[in-house]
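Visitor: I'd like to poke at the labels people put on a structure like this one. Could you walk me through the reasoning behind them?

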Amino acid sequence: MRVSRRAFLTAAALPASEAGIRREVFLRSPGKGTAVLAYATYVEARGLAMMSVEQRMSRSDTMDVAFYRRSEDHGRSWSEPSERPTRQTLRGGTLRRHFRPGWVDPVTGRFLEFWIEGVLPNDDPLEGLRQWNLYYRISENGGRSWSGPEQVIHGGSGYSRRHPLPGVYTGKNCVMLGDAASPPLAAGGGEILLPVEITPLAPDGSLYNPGGGYTYTDAAILIGRWRGKRLVWRMSEPIQGDPKRSTRGMVEPTLGRLDDDRLIAVMRGSNDSRPELAGHKWISYSSDGGQRWSKPEPWTYTTGEAFYSPSACSQLLHHSSGKLFWLGNITAANPRGNRPRYPFFIGEVDRRTGLLVRDSLRRVDDRAPGESELLTLSNFFAREDRQTHEVVLHMTRLFAFPDGWVGDALVYYIPV
């Protein structure tokens, strides 16, 4: 795919904020120094029972504590919070966990929850690049009881807890989930597609970082197939970026299906350490159910125009109307690495081409006059409301101030 050489869109060309989008506080921060990330998901294939996952953080890439709540009346009331540990001191270091919103398999009706965990020798988040592994648990009754946890380990001989996937060796490199905006996708034949990232190894066994950025990852898809009540996993071929065009490789993939049954993965890239590069989202296609993927190219509008997007997660969301939505950041000027992570948009993806429809974009939120440029509109999760069919967006307006983080967990209701 070739990117048009026409100019990138200017600020004047970006749409104004959309009327009709409502915003409410979902969970408030307990106070300055702690930001709250919180999401709610349905727990059964039908009905309105929900589960809320709240995680509190006071430093980057670290969850201090997690709380779970349950609602039987579509979120009008919630149970008392139940704490789930995210930290444990062990002889070899500090065990850390990062939980993700649960997901209902539409074929079996089973409710699954995925997370990453690893023992960090010095409790440094960057040590996770060598330590993270992927776990999940399964519920047959909407999260009331669970089987597991199970580690995701590739099927076949030669794989183990310390060598769970092709090219992954715990202690040398890792497999990670993207943010909450990288949920599983149901595939044909009852398979489950789970997008992940892998920190590749250099020939000498060190972490491969040819782009010179903060980190470097390949994307991949884990394909799960039910064998009775258990899942058997295999890994796709890696989706590898060009370090001369994205200094951090391919990050935080999100998946969608087109009308011809091709799959798309939209990924975060970066110009970290090389701000002269254009900051994009990247796209790759699969025609065989997610095993093999095309070379990633900058994602564009259907008109061929490229657009700027910072190094931040985004999400593809299938809607019952048949539409495929994308949610994420688009900036008027070239970003620098992760920033700015505003404004935040929702738009439709053309289900023939997999490209973003420019005229469909609606601005969901933005930095207000006088607000700090440290505002982060990211680390979000979107779902469809089963009653109103609105797109419901869980997102924290996060400010990572040097003297303490600030951020309430909000919920946005976006008419469709």
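What follows is a chat about how some of those labels are earned.

Guide: One thing up front: this is a predicted model. Ask away.

Visitor: Let's begin with a single residue. What makes T86 count as buried?

Guide: T86 has a relative accessible area of 2%. Buried means under 20%, so T86 is called buried. As for its place, T86 sits in the loop between β5 (82–84) and β6 (87–90).

Visitor: Which residues is T86 in contact with, leaving aside neighbours within four places in sequence?

Guide: The list is M63, D64, V65, A66, L95, R96, R97 and F99. With V65 there is something extra: a polar atom of the T86 side chain lies 3.4 Å from the backbone nitrogen of V65.

Visitor: What makes that a polar contact, with V65 and T86 at that distance?

Guide: The cut-off for N or O atoms is within 3.5 Å, with one able to donate and the other to accept. At 3.4 Å, the pair from V65 and T86 falls inside that distance.

Visitor: On to strands. Why is β9 described as mostly covered?

Guide: Strand β9 spans residues 111–120, and 9 of its 10 residues are buried.

Visitor: How do you know that β8 and β9 pair?

Guide: Pairing takes at least two bridges. Strand β8 (residues 103–104) has 2 bridges to β9, in the antiparallel sense, so the pair qualifies. W103, for instance, stands opposite L112 in β9. In the hairpin of these strands there are 6 residues between them, and G109 takes a positive phi near 80°.

Visitor: Which other strands pair with β9?

Guide: Strand β7 (residues 93–99) does so over 6 bridges, antiparallel, and F99 stands opposite W115 in β9. Strand β10 (residues 133–139) also runs antiparallel to β9, joined by 7 bridges. There, F111 stands opposite S139 in β10.

Visitor: Now the rings. Why is the pair of F114 and W233 called edge-to-face?

Guide: The ring centres of F114 and W233 are 6.2 Å apart and the planes are at 80°. A pair needs centres within 6.5 Å, and planes over 60 degrees apart count as edge-to-face, so F114 and W233 get that label. F114 lies in strand β9 and W233 in strand β16, so the pair ties together parts 119 residues apart in sequence. Both F114 and W233 are buried.

Visitor: And what makes the pair of F114 and Y136 tilted?

Guide: Here the centres are 5.8 Å apart, with 35° between the planes. Stacked means under 30 degrees and edge-to-face means over 60, with the rest called tilted, so F114 and Y136 are tilted. With F114 in strand β9 and Y136 in strand β10, the pair ties together parts that are 22 residues apart in sequence. Other rings join up too: ring pairs link Y68, F99, W115 and Y135 into a cluster. Over the whole structure, a search finds 16 aromatic pairs.

Visitor: How do you know that R84 lies over the face of W115?

Guide: The distance part goes like this: R84 is at 4.7 Å from the ring centre of W115, and the limit is within 6 Å, along with a limit on the angle to the ring normal. R110 likewise lies over the face of W226, at 4.4 Å from the ring centre.

Visitor: Which residues touch the most other members of the largest nonpolar core?

Guide: Of its 28 residues, L112, F114, L134, L194, V196, L222 and W233 do. The elements giving two or more residues to this core are β9, β10, β12 (175–177), β14 (192–198), β15 (218–227) and β16 (230–235). Apart from it lies another core, of 21 residues, among them I21, L317, L375 and L377.

Visitor: One more sheet, please. What makes β17 and β20 edge strands?

Guide: The open sheet has 4 strands in the order β17-β18-β19-β20, with antiparallel pairing. Strands β17 (251–257) and β20 (297–298) each pair on one side only. Strand β17 pairs with β18 (residues 263–268) over 5 bridges, and V266 in β18 is the bridge partner of T254.

Visitor: Last one: why does F345 count as buried?

Guide: Its relative accessibility is 0%, and buried means under 20%, so F345 counts as buried. F345 is found in strand β23 (residues 344–348).

Key:
Residues are numbered from 1 along each chain as its sequence is written. This is a predicted model: local features need pLDDT of at least 70, side-chain atom pairs count only at pLDDT 80 or more; totals for chains, interfaces and linings use all residues. Side-chain values use heavy atoms; hydrogens and water are left out. Buried means under 20% relative accessible area, exposed over 50%, partly exposed in between (1.4 Å probe, protein chains only). Contact means heavy atoms within 4.5 Å. A nonpolar core is a set of buried Ala, Val, Leu, Ile, Met, Phe, Trp, Tyr and Cys residues joined through side-chain atoms within 4.5 Å. Rings of Phe, Tyr and Trp (its six-membered ring) pair if their centres lie within 6.5 Å; planes under 30 degrees apart count as stacked, over 60 as edge-to-face and the rest as tilted. A charge sits over a ring if NZ of Lys or CZ of Arg is within 6 Å of the ring centre and within 35 degrees of the ring normal.
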